[in-house]
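Please walk me through this structure. I would like short answers, each with its reasoning.

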Amino acid sequence: MNAALKFRPRDCYNYSQMKKPYRRVFIEITNTCNLACGFCAASSRPKTFMTPEFFESAAAQAGKLASVVFLHLLGEPFMHPRLPEMLGVCSRLGLKVNLVTNGLLLDKFGAGLFNEECLGQVSVSLHALAGLPPAIRDEHLRRITDFSLQKPPGLIASLRLRGNQSDPFIKDTKAFLLGVLARDGAGERVRDGLKLREGVYLNFGSIFDWPGGEGGKEKKGCLGLRHHFGILSDGRVVPCCADFDGALALGNIKKRPLAEILRSPEALALRDSIAGRTPMPPYCASCGFTAPDS
């Protein structure tokens with residue numbers, strides 16, 4: 001992060017002026033990534049980039065239904081050459097955005113990117129660094145900590161470190177972050193991790209099995225289409241961020257309005273099935289993600 005680029009103080013915005021039926025929408029602006037992590041799903045889709053014009057249509061429709069827009073599904077959002085324009089669209093629409101990234105390209109567009117009014121949180125998947133050569137991994141980890149120290153006031157940096165906590169990479173990375181970012185060297189315990197300093201959190205968790213396979217955990221239901229939904233880069237609407245290839249796609253916003261797709265009989269039936277009110281789809285039953293109770 002260029003120390004010469006200064007962040008401006010962030011105002012406090014109220015994004016919850018009206019109750020919306022969904023907490024989150026996941027919008028995939030591209031399914032292209034700069035890494036090929038072993039824990040990530042292998043997609044069969046062609047590489048696609050949303051145009052800013054199409055993204056504005058998707059975001060405007062989704063923002064009326066969901067409280068927070070996550071730029072996340074598959075792909076790395078910083079691979080999109082017009083990411084700054086898209087964040088500008090979200091600011092103009094008055095949306096709250098969580099930008100999810102592997103962190104390798106945080107400085108691609110300059111520090112000014114993080115001054116966008118729409119940005120509430122940047123979530124960095126640190127476990128994506130595990131497969132890099134040690135020297136390159138350490139360089140990127142230092143850049144991520146620089147970002148965490150220099151971010152605008154009010155912007156949350158959520159550093160995600162998923163995997164076996166006894167793994168040497170996990171242990172070493174945790175120790176490094178505590179040493180650089182935690183004011184007391186330990187951090188304050190929060191629900192699923194540690195608060196390292198104001199607006200900087202280290203979150204833990206396991207790597208889950210993707211749907212459609214033989215893995216997963218027995219579960220009674222999930223929150224897809226109740227808590228959240230997703231929009232793939234080609235415009236298809238999916239029930240959750242784990243439906244990476246659109247196996248349960250409900251329609252395409254290029255052909256039908258989003259609200260119409262989500263209230264269709266097919267969507268309502270799938271919502272009940274995912275919730276466990278009717279038999280769960282086999283595709284979902286193999287997913288290792290365990291959603292919180294609602």
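**Rings, sulfurs and core**

Q: Over the ring of which residue does the charged end of Lys-254 sit?
A: The model is predicted. In it, the charged end of Lys-254 lies 5.1 Å from the centre of a ring. A charge counts as over a ring within 6 Å of its centre, given a suitable angle. The ring belongs to Phe-54.

Q: How many aromatic pairs are there?
A: Rings of Phe, Tyr and Trp pair if their centres lie within 6.5 Å. By this rule the count is five.

Q: Are the rings of Phe-114 and Phe-147 stacked, edge-to-face or tilted?
A: Their centres are 4.8 Å apart, and their planes meet at 50°. Stacked needs under 30 degrees and edge-to-face over 60. The angle fits neither class, so the pair is tilted.

Q: Which parts of the chain does the pair of Phe-114 and Phe-147 link?
A: The two residues are 33 residues apart, and the pair links distant parts of the chain. Both Phe-114 and Phe-147 are buried. Phe-114 is in the loop between strand 3 (97–101) and strand 4 (119–125), and Phe-147 is in helix 3 (residues 134–150).

Q: Which residues form one aromatic cluster with Phe-114 and Phe-147?
A: The cluster takes in Phe-114 and Phe-147 themselves. It is completed by Phe-78 and Phe-109.

Q: How many disulfides does the structure hold?
A: A disulfide is a covalent bond between the sulfur atoms of two cysteines. Here a pair needs its sulfur atoms within 2.5 Å. The sulfur of Cys-37 has its closest cysteine sulfur in Cys-33, 6.2 Å away, which is too far for a bond. For Cys-90, the nearest cysteine sulfur is that of Cys-118, at 5.0 Å, and the structure's disulfide count is zero.

Q: Is Cys-37 buried, exposed or partly exposed?
A: Its relative accessibility is 22%. Buried means under 20%, and exposed means over 50%. Cys-37 therefore counts as partly exposed.

Q: Is Cys-90 buried or exposed?
A: Cys-90 has 0% relative accessibility. The limit for buried is under 20%. Cys-90 therefore counts as buried.

Q: Which residues have the most contacts inside the largest nonpolar core?
A: Nonpolar side chains tend to be buried together in soluble globular proteins. The largest nonpolar core here has 77 residues. Those with the most contacts inside it are Ile-27, Phe-55, Leu-71, Leu-126, Phe-229 and Ile-231.

Q: How many residues does the other core hold?
A: This core lies apart from the largest one. Among its members are Phe-26, Phe-70, Leu-73 and Val-100. Its size is seven residues.

Q: Which residues does Ser-91 contact, leaving aside neighbours within four places in sequence?
A: Ser-91 is found in helix 2 (residues 83–93). At 17% relative accessibility it counts as buried. Its contacts beyond those neighbours are Glu-116, Glu-117 and Cys-118.

Q: Which helix and strands do the buried residues of helix 2 pack against?
A: The buried residues of helix 2 are Leu-83, Met-86, Leu-87, Val-89, Cys-90 and Ser-91. They pack against helix 1 (52–63), strand 2 (66–71), strand 3 and strand 4.

Q: Which residue follows helix 2?
A: This residue has a positive phi, near 75°. It is Gly-94.

Key:
Residues are numbered from 1 along each chain as its sequence is written. This is a predicted model: local features need pLDDT of at least 70, side-chain atom pairs count only at pLDDT 80 or more; totals for chains, interfaces and linings use all residues. Side-chain values use heavy atoms; hydrogens and water are left out. Rings of Phe, Tyr and Trp (its six-membered ring) pair if their centres lie within 6.5 Å; planes under 30 degrees apart count as stacked, over 60 as edge-to-face and the rest as tilted. Helices (H or I, at least four residues) and strands (E, at least two) are DSSP runs, numbered from the N terminus. Buried means under 20% relative accessible area, exposed over 50%, partly exposed in between (1.4 Å probe, protein chains only). A charge sits over a ring if NZ of Lys or CZ of Arg is within 6 Å of the ring centre and within 35 degrees of the ring normal. A nonpolar core is a set of buried Ala, Val, Leu, Ile, Met, Phe, Trp, Tyr and Cys residues joined through side-chain atoms within 4.5 Å. Contact means heavy atoms within 4.5 Å.
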